[in-house]
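Q: Please zoom in on one part of this model for me and tell me which side of it faces out and which side faces in. After that, follow the trail into the rest of the chain.

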Amino acid sequence: MDNRNEAAMQTPLTAQEISGELMEDSLNAEAREAQETEASLREGIGMLYEDGWTPEELGALSQDEGVRADVAAGVDLIRAAAKMLRRQLEQVRAAQAERRRGVPVTRSSASGSVPQENRIEQMSDAQFDAFSREARAAAMMGKKVRM
């Protein structure tokens, strides 16, 4: 046997030493995972930038709560971006469908009905005589006469 194995067998590890080693291994694994995630995000951002995404679009991508939740759940950044675009497209389609409904049509006036007046009955004799002369002259010239 190795000298190290013999030494390990002869001196038993205490619970504190075991938990310390496990914590250290756990921290190392978390650090590696964080580095891998960061590298994956950098690569994804680079790919999106190469595909023509503007810095403003990438900024909006980084601020989107859905994308953040997807990335935290382990989804690739490219797929999270695609999901964000699909959500935005659905919102646009819903807004367009709302606009297509058209303008509501009124069937009756909100201010009530207009009283039917006979303007000729309300004219004095002098006003009617002047109106009649003007209407006759306009009709002789070929114009339409309206009340």
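A: Start with the outward side of α6: A126, R133, E134, R136 and M140 are exposed and sit on the face turned away from the buried side of this helix. Here, exposed means over 50% relative accessible area, buried means under 20%, and partly exposed is in between, using a 1.4 Å probe and protein chains only. Helices are DSSP runs of H or I with at least four residues, strands are runs of E with at least two, and both are numbered from the N terminus. This is a predicted model, so local features need pLDDT of at least 70 and side-chain atom pairs count only at pLDDT 80 or more, while totals for chains, interfaces and linings use all residues. Residues are numbered from 1 along each chain as its sequence is written, and side-chain values use heavy atoms, with hydrogens and water left out.

Now flip α6 over. S132, A135 and A138 are its buried residues. They cover an arc of only 135° around the axis, which places them on the same side of α6; that arc is taken from the directions running from the helix axis to the C-beta atoms. As for its length, α6 covers residues 125-140, 16 residues in all, and reaches 22 Å from first C-alpha to last, close to the 22 Å expected. The expected span is 1.5 Å times one less than the number of residues. Just past the end of α6, G142 takes a positive phi of about 95°.

Zooming out for a moment, the chain has 6 helices and 0 strands. Of its 147 residues, 10% are buried. About 13,100 Å² of the chain is exposed, with carbon and sulfur atoms supplying 52% of that; the areas come from the Shrake-Rupley method with a 1.4 Å probe, and for residues only the protein chains shown count as cover. Among contacts with a separation of 6 or more, 33% join residues 24 or more positions apart, where contact means heavy atoms within 4.5 Å.

So where is the inside? The largest nonpolar core has 10 residues: L48, W53, L58, L61, V67, V71, L77, A80, A81 and M84. Helices α3 (55-63), α4 (65-72) and α5 (77-99) each supply at least two of them, and α5 has the largest share, 4 residues. A core of this kind is a set of buried Ala, Val, Leu, Ile, Met, Phe, Trp, Tyr and Cys residues joined through side-chain atoms within 4.5 Å.

Take α5. Its buried residues include L77, A80, A81 and M84. With 23 residues at 1.5 Å each, α5 should span 33 Å, and its end C-alpha atoms are indeed 33 Å apart. M84 counts as buried because its relative accessibility is 4%. Neighbours within four places in sequence aside, M84 is in contact with W53, A60, L61, D64 and V67.

Next door in sequence terms is α4, where V67, D70 and V71 are buried. Looking down the axis of α4, these fall within an arc of 95°, so they line one face of the helix. The face turned the other way carries the exposed residues E65 and A72. At the start of α4, a side-chain oxygen of D64 comes to within 3.2 Å of the backbone nitrogen of G66.

D70 deserves a second glance. It counts as buried because its relative accessibility is 13%. Not counting residues up to four places away in sequence, D70 touches V75, A80, K83 and R87. The C-alpha atoms of D70 and M84 are 9.8 Å apart, with their positions 14 residues apart along the chain.

Finally, the link: G74 lies in the loop between α4 and α5, and its phi is positive, near 100°. At 62% relative accessibility, G74 counts as exposed. T37 is 37 residues away from G74 in sequence, but their C-alpha atoms are 8.7 Å apart in space.

Notes
Polar contact = N/O pair within 3.5 Å; in protein donor to acceptor, adjacent residues only side chain to side chain.
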